[in-house]
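Good morning, colleagues. I should like to take a few minutes to walk through one structure, beginning with a single helix and then turning to strand pairing and helix packing.

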Amino acid sequence: MTDKARRAAGRAMSERDARRAIDAVWRIESARLIAALARMTGDVGVAEDLAQDALLVALERWPEAGVPENPGAWLMATARNRAIDSLRHREIAARKEEELGREVELRSRLAELDPAAAASDEIDDDLLGLIFTACHPVLAPEARVALTLRLVGSLSTAEIARAFLVKESTVAQRIVRAKRSLAEARVPIEVPGPEERERRLAAVLEVIYAIFNEGYAASVGEEWIRADLCEEAMRLGRVLAGLMPREPEALGLAALMELTAARFPARTGPNGEAIPLPEQDRARWDLVLIGRGLKGLERAEALGRPLGPYALQAAIAACHARARTPEQTDWERIVALYDALDAISGSPVVRLNRAVAVGMAFGPAAGLELLEGLREEPALRGYHLLPAARGELLERLGRDEEAALEFSRAAELSGNAREREVLLARAGGRR
Amino acid sequence: MRVMAIVKASKDSEAGVMPSEEMLAAMGEFNEEMVKAGVMLAGEGLHPTSKGARVSFGGDGERTVIDGPFAETKELIAGYWLMQVRSFEEAVEWIKRCPNPHDEPGEIEIRQVFEAEDFGEEFTPELREQEERIRARAERNQ
């Protein structure tokens, strides 16, 4: 290699390194940056544009000049200056007195802002406000997910599209429309007041859990993308739990995701087949996540308020996490937790799971009796886990022929090829 | 990915000198930042090696226990963070923001943690089983 070529290669290398360093800074700073800009401008779309502008300037300058000492403050100052510039232009163009007044006021607020000196609780409030806005009920569920990943998770449109296996243009459109809807509905970017808080928090938790489940429901082949999605959801969950440490459900959701993800390493066999919980090798469970999940749940319980659906599900997951062998599982406690969950949710799926737990705690006959009551449940019609659970309990009662019938019915209803195989094998009497 | 950031020891940390109040406050702030960002999974400081020991393995399978303290201060470990990040660079960027843990020049080393899939084909059933035994033991000892 000639010296010239080596120098060129060295420069290309450092540009790539700079790009990666900028990505990392962006990952750390962008949510806070967008949150502060959103509060000031009152518009998440404008805020994101300004933040993106600042990022472009960074991409231009940092490879030459190096990453500044305090990159967050640098980005903030750059975005603010851009905002002031564009407002100045708009002021010149503005005809209406009222509009002019508003923009002058905004400009002076921006000018007062010291990017390096924002107080920590102010940043927290901004970020929480941004999260609540991205998950606002005026938006369609998939728009909330996309906007949250984009604004709070700092994922690119392409990354979101890849994770959800949809076209990039679809995601881009979703985000554009979502921003427009928020602006049109004049949604204030703030943490909702006490009267709205519970309902709005539920919407936020739902979005984060939906992201997690998208990853959790991973099928083979795209697993690596989906594991990333679970990690993203866990990160968002931890951010929210950190911002709302007195909300048992925020702590509960973070714990639920960590306790569930702790089982991932044991969840699939060498050929990618799903391994059901009782057959999982518990030595492969992730002890770091179990430790964190149990601690988080403890903190939620210590708040002394009745547990909501996420904390209850976390408590059920904790019963499994604490059991070193399947036999050590505290099924009676799981039944009690499902009772509490059923009282809140009234969901037939919860009652189905409760019946399975009863079958484990008090014997297959007791479980089967409860399942009998669910057979006419319209919401469970076509749900393969109902006949699968019946098959399981019938088998334990030694009623093999009836069990085989249930397993083949479950196989018919299952949408997953691998699962169907397992169920058919059981229907054939092979375990 | 998971990354471990390893704080190297200093003369003071090896002498058992506790960090100043100022340092504790700064470090607490940094920790809080990482927790709030959902990045920090765990992090702890270690007692000096005067309270530690090494088990040395001879080629013939012989084991010898050597009590601390140990000499090569700059190579010793004084603490660690376990982080969940999207890229290695993100971990580097976080650690660049960490206050210097000591009153003298020092280093924090950043390393990616192996996860089962990193082993790929090399991770035979025998090795897997072995790893499981280790994990099971660690679990019992919790």
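Let me begin with helix α2 of chain B, which covers residues 21–36. Its 16 residues, at 1.5 Å a residue, should span 22 Å, and the end C-alpha atoms are indeed 22 Å apart, so expectation and model agree. Please bear in mind that this is a predicted model. Just after α2(B), B:Gly38 adopts a positive phi of about 75°.

I turn next to the strands of chain B. Strand β5, residues 77–84, runs antiparallel to strand β1, residues 2–8, and 7 bridges join the two. Within this pairing, B:Met4 has B:Leu82 of β5(B) as its bridge partner. β5(B) also pairs with strand β2, residues 40–45, again in the antiparallel sense, over 5 bridges. Here B:Gly43 is partnered by B:Trp81.

Chain A has 20 helices and 0 strands. Of its 431 residues, 40% are buried. Among chain A contacts between residues at least 6 apart in sequence, 60% join residues at least 24 apart.

How do helices α19 and α20 of chain A cross, and at what angle? The axes of α19(A), residues 400–413, and α20(A), residues 417–427, come within 8 Å and cross at roughly 160°. Angles over 145 degrees count as roughly antiparallel, and the two helices are therefore roughly antiparallel to each other. The crossing of α19(A) past α20(A) is left-handed. On the α19(A) side, the contact is made by A:Ala404, A:Phe407, A:Ser408, A:Ala410 and A:Ala411. From α20(A), the contributors are A:Arg420, A:Leu423, A:Leu424, A:Arg426 and A:Ala427.

Definitions and conventions:
Residues are numbered from 1 along each chain as its sequence is written. Chains are lettered from A and ligands numbered from 1 in the order in which they are written. This is a predicted model: local features need pLDDT of at least 70, side-chain atom pairs count only at pLDDT 80 or more; totals for chains, interfaces and linings use all residues. Helices (H or I, at least four residues) and strands (E, at least two) are DSSP runs, numbered from the N terminus. The expected span of a helix is 1.5 Å times one less than its number of residues. A residue is buried if 20 or more other C-beta atoms lie within 10 Å of its own, exposed if 12 or fewer, and partly exposed in between; C-beta atoms are placed from the backbone. Two residues are in contact if their C-beta atoms, placed from the backbone, lie within 7 Å. Two strands pair if DSSP finds at least two bridges between them. Axes are lines fitted to C-alpha atoms, for helices over the stretch in contact, and angles run from 0 to 180 degrees between N-to-C directions. Angles under 35 degrees count as roughly parallel, over 145 as roughly antiparallel, 65 to 115 as roughly perpendicular and the rest as oblique. A crossing is left-handed if the near helix is turned anticlockwise from the far one by less than a right angle, and right-handed if clockwise.
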